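Please look over the sequence and the model that follow before reading on. The paragraphs below take up a few local details and then the overall fold.

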Amino acid sequence: KALLTASLADGTPEQVAAQLRRLKRRAALAIAVADIADVWSLDRITSELSALATNCIEALVRAIGRNDPLIEALTVIGMGKLGAGELNYSSDVDLILLYDRDAPAIAANDQAGRIMVRAARLLVQLMSESSVDGYIFRTDLRLRPDPGSTPLAMSVQAAELYYESVGQNWERAAMIKARPVAGDLALGAGFLD
């Protein structure tokens with residue numbers, strides 16, 4: 001993580017994504033060598049792959065946030081294998097992006113929802129976009145509440161209302177493996193509580 005943080009301190013989101021693609025290839029190779037050499041256990045391998053994905057998401061959210069301070073009110077929840085720390089080599093990352101509409105920076109901005117959706121769209125694009133260096137991680141936002149009719153990023157308040165009123169049991173059960181992975185971690189933990 002220290003190498004990742006130091007090498008990605010500056011730059012546009014696109015520049016950070018390009019660096020992350022190269023770093024991910026090297027890290028995945030190192031993890032694979034430890035796996036093939038039987039140096040690490042399966043738990044360690046999936047944990048390291050999950051940490052790699054988490055650090056990549058965190059770096060991109062920070063880079064996107066440099067362009068807009070409203071992003072400070074965004075939390076990224078890792079679901080499924082990412083949330084449980086069980087990613088494998090071919091896993092995609094399942095995310096839910098939420099923001100606190102009552103945060104001081106957002107409360108006075110009537111465009112906050114649109115800004116968060118743009119940030120979510122950019123995050124998914126940069127994570128999934130393929131180049132000569134490959135892609136960072138395939139990213140899926142379909143585990144968010146009612147993905148067919150809700151925006152890519154929604155308020156914590158709307159998500160809580162959804163889960164309390166019309167959310168399906170399987171959707172609530174999916175939260176068992178959920179954990180905040182980037183952005184406002186305290187907001188994410190509060191939502192999960």
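In which loop is D38 found? In this model, which is predicted, D38 is found in the loop between α2, residues 13-36, and α3, residues 42-67. The backbone of D38 has a phi near 60°, which is a positive value in a residue other than glycine. As for the surroundings of its side chain, D38 has a relative accessibility of 65% and therefore counts as exposed, the cut-off for that class being over 50%.

A positive phi also appears at D146, where the angle is near 40° and the residue is again not a glycine. D146 has its place in the loop between β3, residues 139-140, and β4, residues 153-155. Its relative accessible area is 34%, so D146 is classed as partly exposed, a value that falls between the 20% limit for buried residues and the 50% limit for exposed ones.

Is T54, a residue of helix α3, buried or exposed? With a relative accessibility of 9%, T54 counts as buried, because that class takes in residues under 20%. When its neighbours within four places in sequence are left aside, T54 is in contact with L82, R179 and V181. With R179 there is a polar contact as well, made from side chain to side chain at 3.1 Å.

From these single residues the description can pass to the whole chain. The protein has nine helices and five strands, and from the N terminus on these elements follow one another in the order α-α-α-β-α-β-α-α-β-β-α-α-β-α. The radius of gyration is 17 Å, close to the 16 Å that the globule rule gives for 193 residues, so the protein is as compact as a globular protein of that length. Taken along the principal axes, the box that its C-alpha atoms fill is roughly 50 × 40 × 25 Å.

How much of the protein is made up of buried residues? They account for 44% of the 193 residues. If one considers the contacts between residues at least 6 apart in sequence, 71% of them join residues that are at least 24 apart.

The outer face and the charges complete the picture. The accessible surface of the protein comes to about 9,800 Å², and 55% of this area belongs to carbon and sulfur atoms. Among the side chains, 20 are positive and 24 are negative, and the centres of these two sets lie 6 Å apart.

How values were computed: Residues are numbered from 1 along each chain as its sequence is written. This is a predicted model: local features need pLDDT of at least 70, side-chain atom pairs count only at pLDDT 80 or more; totals for chains, interfaces and linings use all residues. Side-chain values use heavy atoms; hydrogens and water are left out. Helices (H or I, at least four residues) and strands (E, at least two) are DSSP runs, numbered from the N terminus. The radius of gyration is taken over C-alpha atoms; the globule rule is 2.2 Å times the number of residues to the power 0.38. Buried means under 20% relative accessible area, exposed over 50%, partly exposed in between (1.4 Å probe, protein chains only). Contact means heavy atoms within 4.5 Å. Accessible areas come from the Shrake-Rupley method with a 1.4 Å probe; for residues, only the protein chains shown count as cover. Lys and Arg count as positive and Asp and Glu as negative; His and the chain ends are not counted. The place of a charge is taken as NZ of Lys, CZ of Arg, CG of Asp or CD of Glu. A polar contact is a pair of N or O atoms within 3.5 Å; within protein, one must be able to donate a hydrogen and the other to accept it, and residues adjacent in sequence count only if both atoms are side-chain atoms.
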